[in-house]
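Q: Please take a close look at a single part of this model, its surface, and describe carefully what is found there.

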Amino acid sequence: MALTNDDLLAISQLLDVKLKAEIQPIKNEIQSVKNEIQSVKAELQGEIQSVKAELQGEIQSVKAELQGEIQSVKAELQGEIQFVKADLYSVKAEIHQIKLFQENTIMPQLNTIQACYTSTYNRYKDSVEGYERLEADNELMKQIIMEHSRKLQKLA
C-alpha cells in the first residue's frame with residue numbers, strides 16, 4: 001500500500017499537533033527559566049549598582065581624608081621648612097661673625113705670636129754655637145780645676 005500525498009500530509013499534521021503538545025510544556029518551562037534569569041539579572045544589577053555606589057562613596061570619603069592628611073602634612077612641612085630656613089640664616093650669620101672675629105682678632109694675635117717666636121728662635125739659633133763653645137770651655141776648665149785640686153792635695 002502506498003501512501004498518498006494527502007495521507008502523508010495528514011500524518012504530518014497529526015505529528016505536528018502531537019509534537020506541539022509535547023513541546024509546549026518544555027517551551028513554557030524554558031520561558032519560566034528565562035523569566036527567573038531576567039529577574040535574578042535585574043536583582044544582581046541592582047545589587048551591583050548599590051555596591052558600586054557605596055564603594056564610590058567610600059572611595060570619595062577616603063580620598064577626602066587623604067587630601068586632608070596631605071594638606072596637613074604639607075602645612076607641617078612648610079612650618080618645618082620655615083624653621084630650618086630661619087635656623088640656617090642664623091647659622092650663616094654666626095659663621096659670618098666667627099669669620100670676622102678670626103680675621104679681626106685671632107689672626108692679628110697669631111701673627112704677633114708668630115713674630116715673637118720667630119725672633120726668639122732666630123736669637124737662640126744664633127747663640128747655640130756660643131753655648132757649644134762655652135760647654136767645651138767649661139769642660140776644659142773642669143779638667144784643669146780637678147788637676148790643680150789634685151796637685152794642691154798632694155802638696156798639702
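A: The accessible surface of the protein chain in this predicted model comes to about 14,800 Å², and carbon and sulfur atoms account for 60% of that area. Of the 156 residues of the chain, 0% count as buried, a label that would require a relative accessible area under 20%. The chain holds one helix and zero strands, and its radius of gyration of 61 Å is well over the 15 Å that the globule rule gives for 156 residues, so the chain is more spread out than a compact globule. Along the principal axes, the C-alpha trace spans about 190 × 50 × 30 Å. The separation of two residues of the chain can be set beside these spans: the C-alpha atoms of Glu36 and Ala136, which are 100 residues apart along the chain, are separated by 132 Å. Glu36 itself is found in helix α1 and is exposed, with a relative accessible area of 53%.

Turning to charge, the protein chain carries 18 positive and 24 negative charges, and the mean positions of these two sets are 13 Å apart. On the surface, Asp126, Glu129, Glu132 and Glu135 gather in a patch of negative charge. Of these residues, Glu129 has its place in helix α1, which covers residues 5-155, and Glu129 is exposed, with a relative accessible area of 53%.

Charges of opposite sign also meet on this chain, since a search of the whole structure finds two salt bridges, a pairing that requires a side-chain nitrogen of Lys or Arg within 4 Å of a carboxyl oxygen of Asp or Glu. In one of them, the side chains of Glu139 and Lys142 meet at 3.7 Å, N to O; because these residues are three apart in helix α1, Glu139 and Lys142 are separated by about one helical turn. Both partners have intermediate accessibility, Glu139 counting as partly exposed at 42% relative accessibility and Lys142 as partly exposed with a relative accessible area of 44%.

The side chains of Glu147 and Lys151 likewise meet in a salt bridge, at 3.6 Å, N to O, and these two residues both lie in helix α1, four residues apart, about one turn of the helix. Here Glu147 counts as partly exposed at 39% relative accessibility, and Lys151, at 48%, is also partly exposed, a class that lies between the buried limit of 20% and the exposed limit of 50%.

Notes:
Residues numbered from 1 in each chain as written. Predicted model: local features only at pLDDT ≥ 70, side-chain atom pairs only at ≥ 80, totals over all residues. Heavy atoms only, no water. Patch = residues over 30% accessible without salt bridge, like charges linked within 9 Å, V, L, I, M, F, W, Y side chains within 5 Å. Areas by Shrake-Rupley, 256 points an atom, 1.4 Å probe, with all protein chains shown as cover. Lys, Arg positive; Asp, Glu negative; His and termini not counted. Charge placed at Lys NZ, Arg CZ, Asp CG, Glu CD. Buried < 20%, exposed > 50% of the residue type's maximum accessible area, 1.4 Å probe, protein only. Rg over C-alpha atoms; globule rule 2.2 N^0.38 Å.
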